[in-house]
Amino acid sequence: MKSAKRILAFMLSAALMVGAFAGCSGKQSSSSGGTASASSAKSTGAIKNFTAFFAVPLSGADTKDTSEVKQKLAELTGAQVKETWLTGQTCDEAIGMMIAGGQYPDFLDGSNATPQLLQAGAFVNLDDYIGKYPNIQKYFTPLQWAQLRQAEGGHIYYIPQFSATYGEPNETIHNDEAFWIQTRVLKWANYPKITTMDQYFDLIERYLKANPKMANGTPNIGYTILCDDWRYFCLENAPEFLDGYPNDGSVIVDPKQQKVIDYNTTPTAKLYFKKLNEEYKKGIVDPESFTQKYDQYISKLSTGRVLGMIDQYWDFEYSIVPAFNTQKLDQQGCDYVPLPITIKDGIKNQWHTKDGSVLNVSSGIGITTSCKDVDGAMQFLNDLLSQEALALRNWGIEGRDYSVGPDGLFTRSDEQDNNCNNLTYQAAHLCPYSYFPTFTGRLPDGKNSVMPNRQPSLFEKTLKQDVKECFAAYGAKNYVDMLGNNDKPGDWYPMYTYSSSLNTSTPAGLAWTKMAECKHKWLPQVCMAKDFESEWNNYMTAYNACKPQDFISAMQTELENRIKFAQENK
Amino acid sequence: MNANAIRGSKRRMSWKAWCKQAKEQKSLLVLSVLFFAYGFIFCYLPLVGWLIGFQDYRPRDGILGSKFVGLQVFQTLFEDPEFWLTVRNTLAMSLLNLVFSTIFAILFAVLLNEVRCMIGKKFVQTVSYLPHFLSWIVACNILFDTLGSTGIVNELLMKMHVITAPLNFFSYPQGFWWIVAIAVVWKETGWNAIIYLAAITSIDPNLYEAAAIDGGGRWVKMRYITLPGIANTIIILLILNVGNVLNSGFEVQYLMGNDVIRDFSQTIDIYVLKWGISQSNYAIGTAAGIFRSAVSIVLILITNAIAKRTSDTRLF
């Protein structure tokens with residue numbers, strides 16, 4: 001009896017021990033389990049399973065495993081991927097944790113934290129694999145592959161997913177940064193020509209005076225600024241565009257003299273912040289601008305009460321569409337359109353540059369050292385680029401999600417279109433694998449747009465009435481026409497791919513980080529200052545203490561290297 | 001026999017006696033091994049990672065392969081004015097939290113103890129500790145809504161004609177510490193009061209009866225029986241909490257901070273996250289962590305010594 005009790009006690013404690021250690025062993029068994037299924041899949045022809053992590057927040061629906069398109073793609077490619085996205089952390093934090101732990105998913109896009117991953121040796125060198133897979137090999141031109149190799153330190157470790165264009169460019173949406181304004185403001189003033197910042201704020205001021213409230217009594221907000229963490233580009237980088245330069249991101253490049261200019265200290269920068277300061281004092285700029293979080297900003301925008309702001313289209317539009325639809329805010333003219341604004345008349349704006357002009361060498365999808373079947377993973381990437389797979393990923397299943405006309409053009413009925421724009425439907429039935437390599441432009445058939453919203457017939461159908469009217473008034477067919485289209489300024493473009501690869505181990509990277517810290521701290525104060533001039537001077541003193549010249553001179557060297565490299569490899 | 005064993009353990013034991021005693025207590029030993037293993041694995045083993053703080057650490061080379069640089073990392077850390085800002089903020093916010101949450105919890109427990117209606121007492125207690133179970137992300141959003149330009153606080157102040165336009169509470173740098181303190185009081189008072197309530201129930205009812213016979217009213221009972229009765233608990237909890245002074249303060253500050261008040265909102269933990277993890281400078285993050293632990297240990301020793309001198313109660 002006594003010994004039985006003892007045995008029981010011993011077993012209990014042993015069981016507890018096993019439970020306590022399960023944390024460590026569980027991890028190993030799951031990863032080895034994954035490889036086992038992958039390798040057995042190879043021999044039996046079963047579906048291989050991969051994992052992927054993308055260090056960006058999910059936009060759109062989270063695909064379910066049961067989605068028909070996902071299963072069709074699995075049949076087609078022999079593999080499927082469980083995707084996870086950034087939630088609640090910044091990308092640097094998530095990747096930093098991953099590196100510290102040393103365990104990676106099979107596919108990984110580190111976004112802005114890619115340099116850390118390279119430094120930690122997390123990616124598999126793909127040099128010898130690329131030639132074996134025809135779709136991947138022809139995904140970029142030899143010059144582009146060379147540029148990638150150059151940027152990634154001599155080898156290919158990751159493949160940028162959004163830098164390849166096929167066929168004629170066909171962009172309809174300005175997916176990037178701009179001064180946005182609600183169509184009702186333009187309509188109220190009978191669609192005036194607005195090309196400068198002064199005109200823009202003057203119009204908003206006049207509209208706000210005449211219409212302090214929305215139809216339901218909510219007070220209008222003239223202009224709001226988002227500066228939550230990394231999203232503070234909505235506040236800080238406008239001076240480069242206002243001077244008529246394209247989005248080189250971290251600096252201005254003077255294309256004639258091939259010289260790097262710091263946009264933080266230009267006379268235009270001072271004018272821009274002075275204007276914001278004036279408008280803040282007048283109460284046109286939302287007093288909560290500098291303290292609001294992204295969620296608050298989006299919920300503010302979703303009420304339709306914000307007349308204008310600077311932002312990137314992708315950063316707000318997809319998040320506010322559902323709220324706009326349920327409140328029918330388009331009928332009140334609350335939809336946003338971009339305006340071609342510069343600091344003064346006579347400067348040609350370059351808010352928009354042509355699709356495919358950006359080779360983003362700084363990040364992409366890579367295969368990690370934790371992946372046990374690199375060939376299988378590459379085969380999957382390769383197969384995802386076929387006509388059939390691309391059509392499935394972007395358009396869905398033929399007959400159900402779209403139909404093919406006699407001319408070979410894809411069309412969607414209203415019902416199909418509504419379905420495919422519905423998040424629940426997307427999650428349950430579609431599977432875009434949106435962070436795997438894709439094309440902008442057209443499908444391999446050369447006729448249809450990869451993205452349905454760029455198919456001319458569909459784009460017009462999705463446009464809301466207020467936006468249509470506005471476009472018509474300005475003689476534009478789409479968002480891009482509102483701004484005008486531009487070729488890329490040179491082979492160096494865009495420079496931000498270099499600055500985002502810097503880290504604090506070099507003087508340039510340290511300066512770059514400190515400059516950002518300084519701007520985060522001072523720009524709100526400059527905008528809210530009672531005495532703008534003295535606060536601006538304080539800011540400039542603090543800014544110069546960050547040694548921006550270390551950064552600028554490194555950018556200048558990189559610019560010269562890139563120009564030379566492109567000439568040698570052409 | 002047991003008594004003998006215990007007496008034996010107080011003197012120096014022979015190997016044989018030790019074995020005998022261990023045999024007698026083996027089930028106890030097996031059980032305690034678990035906790036020993038737990039403490040070793042989760043509290044002491046990770047300390048190996050402190051080596052990173054003395055290295056030019058590169059994840060590729062690992063702890064064993066990275067170069068040792070002595071105290072260079074600490075020097076960089078201590079020369080960074082931003083680090084001292086975060087130390088100041090952490091200390092200030094933690095002290096405010098410590099003082100206010102302790103005072104409010106004791107006050108609440110003592111007052112709640114005086115409520116005679118059982119249903120009312122239970123109801124108030126349950127409601128008061130519910131916020132403890134909210135995660136900070138939810139609590140912070142409630143705060144954002146409450147203190148926002150269209151929130152209830154601004155509406156009330158405007159209706160009462162205290163202000164004419166909504167105040168933006170999150171734009172006053174010095175105000176941030178108080179917002180955090182109020183938030184912590186709101187969220188944790190009810191929960192913290194539980195332990196004091198438990199301490200109060202262990203006070204001998206005879207004392208209260210004796211006081212009543214001597215004509216003592218409620219105030220007298222509170223002042224001379226309840227408070228001295230839980231004094232030991234208060235001191236022990238204070239010592240424990242002082243050790244955590246540099247430990248608390250990440251979520252609220254991380255979630256509610258913004259660029260306008262960053263000089264007052266960033267704490268050591270945020271500094272570690274920003275420079276250690278986000279910039280992958282793991283060495284500096286580790287160094288800041290070591291600094292924090294060292295200060296915490298010193299603080300505990302000091303408070304313990306003070307408690308030892310001023311009263312009989314102490315932790316060790």
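**Entry 1: the sheet**

I started with a sheet in chain A of this predicted model. I found 5 strands in an open sheet, in the order E2-E1-E3-E12-E4, and the pairing is mixed. Which strands stand at the edges? I noted E2 (79-86) and E4 (158-159) of chain A there; each has a single partner strand, so one side of each is left without a neighbour in the sheet.

Next I looked at how E1 meets E3 in chain A. Strand E1 covers residues 48-57 and strand E3 residues 107-109; the two run parallel and are joined by 3 bridges. Looking across from A:Phe54, I came to A:Asp109 in E3(A).

**Entry 2: the cysteines**

How many disulfides does the structure hold? I counted 0 over all chains. I checked two cysteines to see how far off a partner is.

For A:Cys420, the closest cysteine sulfur belongs to A:Cys431 and lies 13 Å away, which is too far for a bond, because a disulfide needs the sulfurs within 2.5 Å. A:Cys420 is also buried, with a relative accessible area of 5%.

A:Cys470 is in no disulfide either; its nearest cysteine sulfur is that of A:Cys334, 13 Å away. I have A:Cys470 down as buried too, at a relative accessible area of 0%.

**Entry 3: two helices in chain B**

I then moved to chain B, where helix H6 (residues 81-114) packs against helix H10 (residues 175-201). Their axes are 6 Å apart and the angle is about 40°, so I put H6(B) and H10(B) down as oblique to each other. Their crossing is right-handed. What sort of residues make the contact of H6(B) with H10(B)? I listed 22 nonpolar, 8 polar and 1 charged.

How values were computed: Residues are numbered from 1 along each chain as its sequence is written. Chains are lettered from A and ligands numbered from 1 in the order in which they are written. This is a predicted model: local features need pLDDT of at least 70, side-chain atom pairs count only at pLDDT 80 or more; totals for chains, interfaces and linings use all residues. Side-chain values use heavy atoms; hydrogens and water are left out. Two strands pair if DSSP finds at least two bridges between them. Helices (H or I, at least four residues) and strands (E, at least two) are DSSP runs, numbered from the N terminus. Buried means under 20% relative accessible area, exposed over 50%, partly exposed in between (1.4 Å probe, protein chains only). Axes are lines fitted to C-alpha atoms, for helices over the stretch in contact, and angles run from 0 to 180 degrees between N-to-C directions. Angles under 35 degrees count as roughly parallel, over 145 as roughly antiparallel, 65 to 115 as roughly perpendicular and the rest as oblique. A crossing is left-handed if the near helix is turned anticlockwise from the far one by less than a right angle, and right-handed if clockwise. Ala, Val, Leu, Ile, Met, Phe, Trp, Tyr, Cys and Pro count as nonpolar, Asp, Glu, Lys and Arg as charged, and the others, Gly among them, as polar.
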